[in-house]
Amino acid sequence: MNRAHFEHLMAAAAQVADEDELVVIGSQAVLGSFAHPPAELLASMEVDIFPRWAPQKGDLIDGSLGDGSPFHTQYGYYAHAVGPETAKAPDGWMTRLVAVEIPPRPASQRRAVALCMEIHDLVLAKLAAGRERDWDFARVCLEHQLCVIATLLKRCTRMPLDGSDIQHIETGLRSLGLRNCR
C-alpha cells in the first residue's frame with residue numbers, strides 16, 4: 001500500500017460510514033507519521049480502522065470496503081473495521097494520534113481525517129500481538145530511525161499487559177536496540 005491508496009481508502013471509508021474522523025491502528029498507521037516509509041512496512045493491503053465517534057459503523061465499512069468486497073477486488077486493498085479495544089497500546093495512545101487530512105475525492109466535499117497511531121504506540125501495539133512479523137516491523141522502524149528505543153521502553157511499562165508479557169517485550173526491544181546501535 002502507498003500513501004495514495006491509503007488516502008483513497010480513507011476517503012471511501014469516511015463516505016461509507018458518513019463519519020469524518022477515522023482512527024487507524026494497524027501497520028498502515030505508519031503512513032500517518034511518514035508519507036514514504038520503508039517499503040518493508042507497507043506490505044499489508046489492509047487498513048485496520050474504526051470511525052472515531054461511532055465505532056459501531058465498522059460493519060458498514062467491512063461490508064462495502066472489506067476483504068473480498070467489490071472495492072477490494074477492483075483496487076487490491078481493503079479496510080478491516082476494528083474497535084478501539086483492539087489496540088493493546090500504552091495508556092494515552094488516543095491522545096497521541098497523528099492527524100492526516102484526506103483530500104476530498106472528485107465530486108465530494110467530505111474532508112476526512114485519518115487519525116493514525118503515533119509510531120511508538122504503533123510499534124508497541126504490534127509487539128503486544130506477539131507475531132514474528134511484528135518484531136520485523138519493529139526492527140525496520142529502529143533500523144530506519146523511525147522510532148527511539150528509549151521511548152519504546154518508557155511506554156512499554158504503560159501497556160495493558162501482564163508483567164511477564166511486558167518483560168518479554170522489553171527484553172526483545174533491548175536486543176533489537178543493541179543490534180541497531182552497531
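Contact here means heavy atoms within 4.5 Å, and helices (H or I, at least four residues) and strands (E, at least two) are DSSP runs numbered from the N terminus. The model is predicted, so local features need pLDDT of at least 70 and side-chain atom pairs count only at pLDDT 80 or more, while totals for chains, interfaces and linings use all residues. Residues are numbered from 1 along each chain as its sequence is written, and side-chain values use heavy atoms, with hydrogens and water left out.

**View 1. Helix α5 meets helix α7.** Let's start with a pair of helices. On the α5 side the contact involves H120, D121, V123 and L124, and on the α7 side T151, L152, R155 and C156. Sorted by class, this contact has four nonpolar, two polar and two charged residues (Ala, Val, Leu, Ile, Met, Phe, Trp, Tyr, Cys and Pro count as nonpolar, Asp, Glu, Lys and Arg as charged, and the others, Gly among them, as polar). The axes of α5 (residues 119-129) and α7 (residues 149-156) come within 10 Å and cross at roughly 60°, which makes α5 oblique to α7. Axes are lines fitted to C-alpha atoms, for helices over the stretch in contact, and angles run from 0 to 180 degrees between N-to-C directions. Angles under 35 degrees count as roughly parallel, over 145 as roughly antiparallel, 65 to 115 as roughly perpendicular and the rest as oblique. The crossing of α5 with α7 is right-handed (the near helix is turned clockwise from the far one by less than a right angle; anticlockwise would be left-handed).

**View 2. Helix α5 packs against helix α6.** Here the axes of α5 and α6 (residues 132-143) come within 8 Å and cross at roughly 155°, so α5 is roughly antiparallel to α6. This crossing of α5 and α6 is left-handed. From α5, the contact uses I119, L122, V123, K126, L127 and A129, and from α6 it uses D134, W135, F137, A138 and C141. By class, the contact of α5 with α6 has nine nonpolar, no polar and two charged residues.

**View 3. Helix α5 in its surroundings.** Nine of the 11 residues of α5 are buried, so the helix is largely enclosed by the rest of the structure. Buried means under 20% relative accessible area, exposed over 50%, and partly exposed in between (1.4 Å probe, protein chains only). The buried residues are I119, H120, D121, L122, V123, L124, A125, K126 and L127. Just after α5, look for G130, which takes a positive phi of about 75°.

**View 4. The two sides of helix α3.** In α3 (residues 58-65), the buried residues are G58, I61 and L65. Seen down the axis of α3, they fall within an arc of 65°, so they line one face of the helix; the arc is that of the directions from the helix axis to the C-beta atoms. These buried residues pack against α1, β1 (21-24), β2 (46-51), α4 (70-75) and β3 (78-81). On the other side of α3, D59 and G63 are exposed.

**View 5. L31 in helix α2.** L31 belongs to α2 (residues 30-33) and is buried, at 0% relative accessibility. Apart from neighbours within four places in sequence, L31 is in contact with M1, N2, R3, F6, P37, L42 and V100. The C-alpha atoms of L31 and C116 are separated by 7.7 Å, with their positions 85 residues apart along the chain.

**View 6. E7 in helix α1.** E7 sits in α1 (residues 3-17) and is buried, with a relative accessible area of 17%. Not counting residues up to four places away in sequence, E7 touches I102, P103 and R105.
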